[in-house]
Amino acid sequence: MTFQAPKGTFDWMPPRSERALAVRDALAGPVRRAGYGYIETPAFEDTGLFSRGVGESTDIVTKEMYTFLDKGGRSITLRPEGTASVMRAVIEHGLPGGPLPVKLWYSGSYYRYERAQKGRYRHFSQVGAEVIGAEDPALDAELIVLAMDGYAALGLTGVRLLLNSLGCAQCRPAYRSALQDFLRGLDLDEQTRQRIEINPLRVLDDKRPEVQAQLAGAPLVTDHLCAACKAYHEEVRALLTGSGVAFEDDPRLVRGLDYYTRTTFEFLHDGLGAQSAVGGGGRYDGLSEMIGGPPLPSVGWALGVDRTVLAMEAEGLFEAVPTTVEVFGVPLGEEARRVIFGLVADLRRAGISADMAFGGRGVKGAMKAADRSGARFALILGDRDLASGAVQLKELSTAEQTAVPLAEVVDTLKGKLS
Ligand code: ATP
Ligand code: MG
């Protein structure tokens, strides 16, 4: 009997897996340089954290959660997103009693029972960042700029930023009922009708064309913002413009989660087909209280690692095959093997990536392995070299070969590779 990765999941295998690592590092770089601290939370939580924190009327909670009873009879859910867990941890560790805001970033695996297709998986990775406990348009703008810097660091040129404001506890209720009045007059299925009553903004996010067609005349949230929300939104826009970040106002942009207020945004890439969102986020001033914490206005984003890799592939940014090691050792004989083994260890300690032929292969097999490794240099050691205390250093692209005394190998290679 053989097994395959479960439906909707896949393995990151070398050499393509290097792309996932590169994307994760690059997306995390700007927030780390901005002083955000690293947080790691469990891959599973009490189910209630997500049903309350993400929202009972969201697709995630109604359809997509991996929920099970553990052997102690607790209802556990594999995390479908990161924000609720980060907020839980911040409250649990008493951070709201200290200096605010708390700025955190994270990276990990998330799980959603979705209709599997390209760019939409049941197990996927995100890099996320959250600023908890402060309301300041400069924080919303900072996060957006840091995300755009991450995409730019990867060389991506096709990422578009959509921006909206969803209003606040003051102005959202009036908009909500205006929207409900409009939606109740449409021809919609029973489930969507129910959604109108629970969370009408989510109906705007319905991806079905027959629904979208009817939404053309829907009231826009931006026409209903209170003065404070309007001023806040204008300030976010001004700060983005001042930082050279282009954006498109999208008054229909709502997000999949219930807890968003004011600023919402999404990063799109047009090379991805239907699954075009490479990241998204916004302000979630009500989340902390929804999960039993103190009032903690907050803002954050999550960027999809898998889709960002796809976006880079769509832009042809990964054409150069990554070199796995710089130096490859080819020992000819038992004694040579021991010497090369020690040399390779020394090279690695000196910060040079190195590998060697294993498994007692002959010269031909070992040289083939050297070529396959992508190394720039081979270190070839035979009996005659051993006797003279030197090793043959071969530049694989030119086949140029020189003898280097064993004691000088590390320094010689350091010089050539710097
Ligand atoms: P979508 O509208 O595509 O379902 P979402 O609003 O559910 O996205 P978020 O919860 O905001 O997505 O997650 C942030 C990012 O994580 C998305 O923009 C996307 O890049 C990535 N992401 C979300 N769900 C998946 C998935 N099932 N597979 C791969 N990446 C995903
Ligand atoms: Mg989704």
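1. One definition before anything else: two strands count as paired here if DSSP finds at least two bridges between them. With that in hand, keep in mind that you are looking at a predicted model. Its main sheet is an open one of eight strands, in the order β1-β5-β6-β11-β10-β9-β7-β8, and the pairing is mixed. The edges are β1 (37-38) and β8 (248-249), each of which pairs on one side only.

2. Now the overall picture. The protein has 418 residues, and buried ones make up 50% of them. Its secondary structure comes to 15 helices and 16 strands. If you want a feel for the dimensions, the C-alpha trace spans about 90 × 55 × 45 Å along its principal axes.

3. There are two domains to find. Domain 1 takes in 16-171 + 225-314, while domain 2 covers 327-417. Between the C-alpha centres of domain 1 and domain 2 the distance is 47 Å.

4. Back to the sheet, and a quick general reminder: strands of a sheet pair through backbone hydrogen bonds, either parallel or antiparallel. You can see both kinds around β7. Strand β7 (residues 159-165) runs parallel to β8, and two bridges join them. With β9, on the other hand, β7 pairs in the antiparallel sense, over seven bridges.

5. A nice way to walk across this part of the sheet is to follow single bridge partners. Start at Asp-249 in β8, which is the bridge partner of Leu-163. Leu-163 in turn stands opposite Phe-265 in β9. From Phe-265 the next step is Gly-281, its bridge partner in β10. That last step belongs to the antiparallel pairing of β9 with β10, which has six bridges.

6. Is strand β9 enclosed or open to the outside? Count its residues, 261-269: nine of the nine are buried, so the strand is largely enclosed by the rest of the structure. Buried, for this purpose, means under 20% relative accessible area.

7. Next, ligand 1. Around it sit 15 residues, and those that come nearest are Arg-112, Glu-114, Tyr-121, Arg-255 and Ala-277. Sorted by class, the shell has five nonpolar, four polar and six charged residues.

8. Which atoms of the protein does an oxygen atom of ligand 1 find at 2.7 Å, 3.4 Å and 3.1 Å? At 2.7 Å there is an N or O atom in the side chain of Arg-112. At 3.4 Å there is an N or O atom in the side chain of Lys-207. At 3.1 Å the partner is a polar backbone atom of Gly-279. As for cover, ligand 1 taken alone exposes 580 Å², and the protein buries 92% of that.

9. The ligand also ties back to the strands. Elements giving two or more residues to the shell around ligand 1 are β6 (123-132), β10 (277-283) and β11 (298-304). Of these, β10 gives the most, with three residues. In the sheet order, β6, β11 and β10 come one after another, so do look at that stretch with the ligand switched on.

10. Finally, a residue on a helix: Glu-235, found in α9 (residues 227-242). Is Glu-235 buried, partly exposed or exposed? Its relative accessibility is 37%, so it counts as partly exposed, given that this class runs between the 20% and 50% cut-offs. Glu-235 also makes a good example of distance along the chain versus distance in space: Asp-140 is 95 residues away in sequence, yet C-alpha to C-alpha the two are 9.8 Å apart.

How values were computed
Residues are numbered from 1 along each chain as its sequence is written. Chains are lettered from A and ligands numbered from 1 in the order in which they are written. This is a predicted model: local features need pLDDT of at least 70, side-chain atom pairs count only at pLDDT 80 or more; totals for chains, interfaces and linings use all residues. Side-chain values use heavy atoms; hydrogens and water are left out. A residue is near a molecule or strand if one of its heavy atoms lies within 4 Å of it. A polar contact is a pair of N or O atoms within 3.5 Å; within protein, one must be able to donate a hydrogen and the other to accept it, and residues adjacent in sequence count only if both atoms are side-chain atoms. Accessible areas come from the Shrake-Rupley method with a 1.4 Å probe; for residues, only the protein chains shown count as cover. Helices (H or I, at least four residues) and strands (E, at least two) are DSSP runs, numbered from the N terminus. Ala, Val, Leu, Ile, Met, Phe, Trp, Tyr, Cys and Pro count as nonpolar, Asp, Glu, Lys and Arg as charged, and the others, Gly among them, as polar. Buried means under 20% relative accessible area, exposed over 50%, partly exposed in between (1.4 Å probe, protein chains only). Domain bounds come from an automatic or database domain assignment.
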